[in-house]
Amino acid sequence: MCQDAAKTRNKDLLIAFLNELFRGRKIIADLYYNKNEHVGDTEDIGTVIFDLTCTADNGERFIIEVQRTAQDNLKKRMLYYSSKLIADQAPKGNRRAWNYAISEVYIIVLMDGFAMPEAGDEKYFLHDICLCYRDHGKIFYDDLGFIYVELVNFVKAEAELVNDLDRWLYVLKNMSSLNGLSTYLRKPIFEKLFQLAEYSKLKPEEREMYNVSLRNKWDTESIRSSQEEQLKRAREKAMAEGKAEGKAEGKAEGEVIGKAEGKAEVIKNLLSSNKFSISEIAELADVTIEFVKQIEAEKAKGK
């Protein structure tokens, strides 16, 4: 599975997680991965960095960088990354016309196994930070934000999970020890996340066997779907031709006789194609198997 295809297929997971982190302030409708990303497909994904451009449901666009690594000078590094994301938006020339039309920038840090520097006795698991006035706390600039998720402080049990953000954090923190999903987590998005995590734990040879098995399953399903679609189109064509033939013959010899002869002609055509069994032709033409066999015998006699 190529990385680009995997990213496209699984971006719904990332969109769902990010939307929970924004808690309604932003609703991400789509996103694409920028060039500054490094992705691993094994269980050890501690160095994953995502640089994303997101489109909200109202059409506005903003940039997100997701970090998951324990780093020295974490706060300063995140400030540097955000500054770089802003600076990279500046055009090479004609900045006067650009007029500093900066997109919103958000840095999201998923802190898995390490704590917020200088947090002291605080036990918050979600730190949502923006630029604001010291004196009264009013927001000064809302288009630059930092969201730190401190998983070591998320201590809720399964029965205490009250919303999807809780469920996301519980799964992310406990994924390595989960043997399955309980009723508290039975949602398609979490089931998909769990399946991907199980896949990442496979050894290379196991993963290749799984991929081969999955490709065979997809091929079989594709063939089955294709055959069903062909039968459906043939059935619709046969019925349409039967009705047309029946109407034409009905004008001359009566509607009932005309329909029968119209279907007989369609059945002859289907028999001549050598693509369908007797039972399939009977189903397509909406007649009995005995009627198809009768037409086949008449055709063999040259009638």
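This is a short walk through the structure, one selection at a time.

**Start with confidence**

What you have open is a predicted model, so colour it by pLDDT before anything else. The protein averages 74, and 67% of its residues reach 70 or more. Select strand E5, residues 126-132: confidence is highest here, with a mean of 93. Then jump to helix H5, residues 188-200, where confidence is lowest, at a mean of 60. Now pick residues 37-48. The pLDDT over this stretch is below 50, and the model gives the stretch 24 contacts beyond near neighbours in sequence.

**On to the rings**

The structure holds 8 aromatic pairs. Show Phe-22 and Tyr-106 as sticks. Is this pair stacked or edge-to-face? The planes meet at 80 degrees, and over 60 counts as edge-to-face, so that is what this pair is; the ring centres are 5.1 Å apart. Zoom out and you'll see that the two rings connect distant parts of the chain: Phe-22 belongs to helix H1 (residues 3-22) and Tyr-106 to strand E4 (residues 104-111), 84 residues apart.

Are these two residues buried or exposed? Phe-22 is buried, with 0% relative accessibility. Tyr-106 is buried too, at 4%.

Next, add Phe-62 to your selection: ring pairs join Phe-62, Phe-22 and Tyr-106 into a cluster. While you're there, show Lys-26 as well. Its charged end sits over the ring of Phe-62, 5.5 Å from the ring centre.

**A tilted pair**

Now select Trp-98 and Tyr-100. Their rings form a tilted pair, with 5.2 Å between the centres and 45 degrees between the planes. Turn on the surface here: Trp-98 is buried at 17% relative accessibility, whereas Tyr-100 is exposed at 58%.

Keep the view and pick Asn-99, in the loop between helix H3 (95-98) and E4. What is its phi? The value is near 60 degrees, which is positive even though Asn-99 is not a glycine. Asn-99 is exposed, with a relative accessible area of 59%.

**Another positive phi**

Go back to the loop between H1 and strand E1 (28-33) and select Arg-23. This residue is not a glycine either, yet its phi is positive, at about 50 degrees. Arg-23 counts as exposed, at 51% relative accessibility.

**Look into a pocket**

Time for some empty space. The second largest pocket has a volume of about 240 Å³. To find it, select Lys-75, Met-116, Ile-129, Phe-146 and Tyr-148, which are the closest to its centre among the 15 lining residues. Colour helix H2 (74-87), E5 and strand E6 (139-150), since these are the elements that each give two or more residues to the lining. Which element gives the largest share? That is E5, with 5 residues, and E5 is also the strand where confidence is highest.

**Last stop: Lys-173**

Finish in helix H4 (residues 164-174), where you'll find Lys-173. Lys-173 is partly exposed, with a relative accessible area of 31%. Show its contacts: leaving out residues up to four places away in sequence, Lys-173 touches Leu-151, Val-152, Phe-154 and Val-155. Then draw a distance from its C-alpha to that of Asp-112. The two residues are 61 places apart in sequence, but 7.3 Å apart in space.

Key. Residues numbered from 1 in each chain as written. Predicted model: local features only at pLDDT ≥ 70, side-chain atom pairs only at ≥ 80, totals over all residues. Heavy atoms only, no water. Phe/Tyr/Trp six-rings, centres within 6.5 Å; stacked < 30°, edge-to-face > 60°. Helix = DSSP H or I, 4+ residues; strand = E, 2+ residues; numbered from the N terminus. Buried < 20%, exposed > 50% of the residue type's maximum accessible area, 1.4 Å probe, protein only. Lys NZ or Arg CZ within 6 Å of the ring centre and 35° of its normal. pLDDT = per-residue confidence, 0-100. Contact = heavy atoms within 4.5 Å. 1 Å grid on protein atoms, 1.4 Å probe; cavity = no way out; pocket = protein on both sides within 12 Å on 5 of 7 lines; lining within 4 Å. Points joined across faces, edges and corners; volume = space filled by probe spheres on them.
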